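Biologist: Before we use any descriptive word for this model, I would like each one traced back to a value and a cut-off. Could you take me through the reasoning step by step?

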Amino acid sequence: MYIARASQAIAAGQAETIVVSFASNQRSARSRSLGGVVESHTPEAQFETPYGPLYPLSYYAMAAHRYLHDYGLNRADLAQVAVLAREWALLNPKAFRYESGPLTVEDVLSSTMISSPLSAADCCLVTDGGGAVVVTSLERARDLAKPPIQILGYGEATTNTSMSQVPLLPTGAAASGKSAFARAGLTPADVDLVALYDSFTITVLLSLEALGFCGPGEAAALVASDRVRPGGDLPLNTSGGGLSYCHPGQYGVLLLVEAVRQLRGEAGVRQVANPQVALAHGTGGILSTHATVLLGVDR
Amino acid sequence: MTDPVLPIPDDITTPWWEATRESRLLLQSCRQCNHVQHYPRAVCTACGGGELEWIESAGVGVVDSFTVVHRAPSPAFQAPYVIARVRLAEGPTLLTRIVGATDQELSCDFPVSLAWESLSEEFQLPVFRITITQ
């Protein structure tokens, strides 16, 4: 969302250079609670908080149950997302789980249940961390030491604040993705690298489908395939993601950082072969806020 | 200390909460377009009309989805319990709980019926049970 704001401000001449950043010490400070931040000022709050849902976890959990039910899948299909994230994290020395060894589907299934069907291993990490990106005009960027990465397109969608007022599926990622692809004049087939906010395992499956990388109900098979693994043609969450790399809270900026590193060829042993276009997709709120950014190597 | 989960009814929602004392689940129906909505609001979310009347739900619906919460958000809640979205026969979906059922016994699309739990000295909270079919 901030990339969209920064791009518009720079295009309108309201700013020359904008830094987008986020950092937190939520692990050290033990400041994150499982109950989350309940927005008691919203008009629906008095009809929801008395039941004790976890914000936002329980909403994602309900989306997961609906998804598994609709497509005849089970928790092992969700678990593949966490297994994949760990595989990539083992290639990233900065990853929180770098030295944790491989994760198996059985590990995820036997992890502590938090809000079914999501176990602790289906949920992103709570870590310290942060990131920043610098946005400026292409003319200015071409004069800098590092090769510029172009913002090819962006899209946004916000769908709900309540846990009951919109259908669980599909998510607003469909609208934000469509808008970003249209602005860039690209399709999912043009994307060489995908960075999705993996707040929970289910988020990745829903986002892959909504963004058009596969059809409805097909994301679990895609995540279990070699296409998204190291060496595949659609590398997914190459940093190890919020599940195994770093999750300081608003992880979206780290999606952008990883996409830029990969496009610049700075990703070390996890470097993807010559990517030209990367997609970063952030999901926030209760699966309710979506921002898609398409980035490309300057040509 | 005030329990943080207790609702604070406002001008729009007071009749809804008052009705819970009599175990009646109210919905709003639009006089202009007949749209039925929950939670209560000042205007119709379908047509923007301001003439809304209270109707009483028959209290039957299906489970849109659910989750069993194993870690409660605060000491005010005793886990595990089932949070669910129930789609009422009248149309609206509400966030609620399913009582008397475990993870293994529940599935999306299961039929459920209205039940009530005490929330405070003042109000009750509408919850649901799996409908037993003969």
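Modeller: The structure is a predicted model, and in it 33 residues of chain B are in contact with 26 residues of chain A.

Biologist: What makes a residue of chain B count as being in contact with chain A?

Modeller: Two residues are in contact if their C-beta atoms, placed from the backbone, lie within 7 Å, and 33 residues of chain B meet 26 residues of chain A on that basis. On the side of chain B that touches chain A, β4 (60–69), β5 (81–88) and β6 (93–98) of chain B each supply at least two residues, and the largest share, six residues, comes from β4(B). By class, that side of chain B divides into 19 nonpolar, eight polar and six charged residues.

Biologist: Why is chain A called as compact as a globular protein of its length?

Modeller: Chain A holds ten helices and eight strands. Its radius of gyration is 18 Å, and the globule rule gives 19 Å for 299 residues; the two values are close, so chain A is as compact as a globular protein of that length. The C-alpha atoms of chain A fill a box of roughly 55 × 45 × 40 Å along the principal axes, and 51% of the 299 residues count as buried. Among contacts in chain A between residues at least 6 apart in sequence, 73% join residues at least 24 apart.

Biologist: How do you know that the compactness conclusion holds for chain B?

Modeller: Chain B has one helix and eight strands, and its elements run α-β-β-β-β-β-β-β-β from the N terminus on. The radius of gyration of chain B is 16 Å, close to the 14 Å that the globule rule gives for 134 residues, so chain B is as compact as a globular protein of that length. Its C-alpha atoms fill a box of roughly 45 × 45 × 25 Å along the principal axes. Of the 134 residues of chain B, 31% count as buried, and residues 24 or more positions apart account for 46% of the contacts in chain B with a separation of 6 or more.

Biologist: What makes α7(A) largely enclosed by the rest of the structure?

Modeller: A residue is buried if 20 or more other C-beta atoms lie within 10 Å of its own. Ten of the ten residues of α7(A) are buried, so this helix is largely enclosed by the rest of the structure. Among the buried residues are Val204(A), Leu208(A) and Glu209(A), and what covers the buried residues includes α2, α3 (75–89), α6, β6 (193–196), α8 (219–223) and β7 (277–284) of chain A.

Biologist: Why is α6(A) called oblique to α7(A)?

Modeller: Helix α6 (residues 173–184) of chain A and helix α7 (residues 201–210) of chain A pack at an angle of about 45 degrees, with their axes 8 Å apart. Angles under 35 degrees count as roughly parallel and those of 65 to 115 as roughly perpendicular; the angle of this pair falls in neither range, which makes α6(A) oblique to α7(A). The crossing is right-handed, and in it Ala173(A), Ala174(A) and Gly177(A) of α6(A) meet Leu206(A), Ser207(A) and Ala210(A) of α7(A). The contact of α6(A) with α7(A) has four nonpolar, two polar and no charged residues.

Biologist: What makes α2(A) oblique to α7(A)?

Modeller: The axes of helix α2 (residues 57–71) of chain A and α7(A) come within 9 Å and cross at roughly 60 degrees, and that makes α2(A) oblique to α7(A). This crossing is left-handed. Tyr60(A), Ala63(A), Ala64(A) and Tyr67(A) of α2(A) make the contact with Ile202(A), Thr203(A), Leu205(A) and Leu206(A) of α7(A), and by class the contact has seven nonpolar, one polar and no charged residues.

Biologist: Are Leu287(A) and Asn34(B) buried or exposed?

Modeller: Leu287(A), in the loop between β7 and β8 (289–297) of chain A, has a positive phi near 60 degrees. With 28 C-beta neighbours inside 10 Å, Leu287(A) counts as buried, since the cut-off is 20 or more. Asn34(B), in the loop between β1 (26–30) and β2 of chain B, has a positive phi near 70 degrees. Asn34(B) has 11 other C-beta atoms within 10 Å and is exposed, because the limit for that class is 12 or fewer.

Conventions:
Residues are numbered from 1 along each chain as its sequence is written. Chains are lettered from A and ligands numbered from 1 in the order in which they are written. This is a predicted model: local features need pLDDT of at least 70, side-chain atom pairs count only at pLDDT 80 or more; totals for chains, interfaces and linings use all residues. Helices (H or I, at least four residues) and strands (E, at least two) are DSSP runs, numbered from the N terminus. Ala, Val, Leu, Ile, Met, Phe, Trp, Tyr, Cys and Pro count as nonpolar, Asp, Glu, Lys and Arg as charged, and the others, Gly among them, as polar. Axes are lines fitted to C-alpha atoms, for helices over the stretch in contact, and angles run from 0 to 180 degrees between N-to-C directions. Angles under 35 degrees count as roughly parallel, over 145 as roughly antiparallel, 65 to 115 as roughly perpendicular and the rest as oblique. A crossing is left-handed if the near helix is turned anticlockwise from the far one by less than a right angle, and right-handed if clockwise. The radius of gyration is taken over C-alpha atoms; the globule rule is 2.2 Å times the number of residues to the power 0.38.
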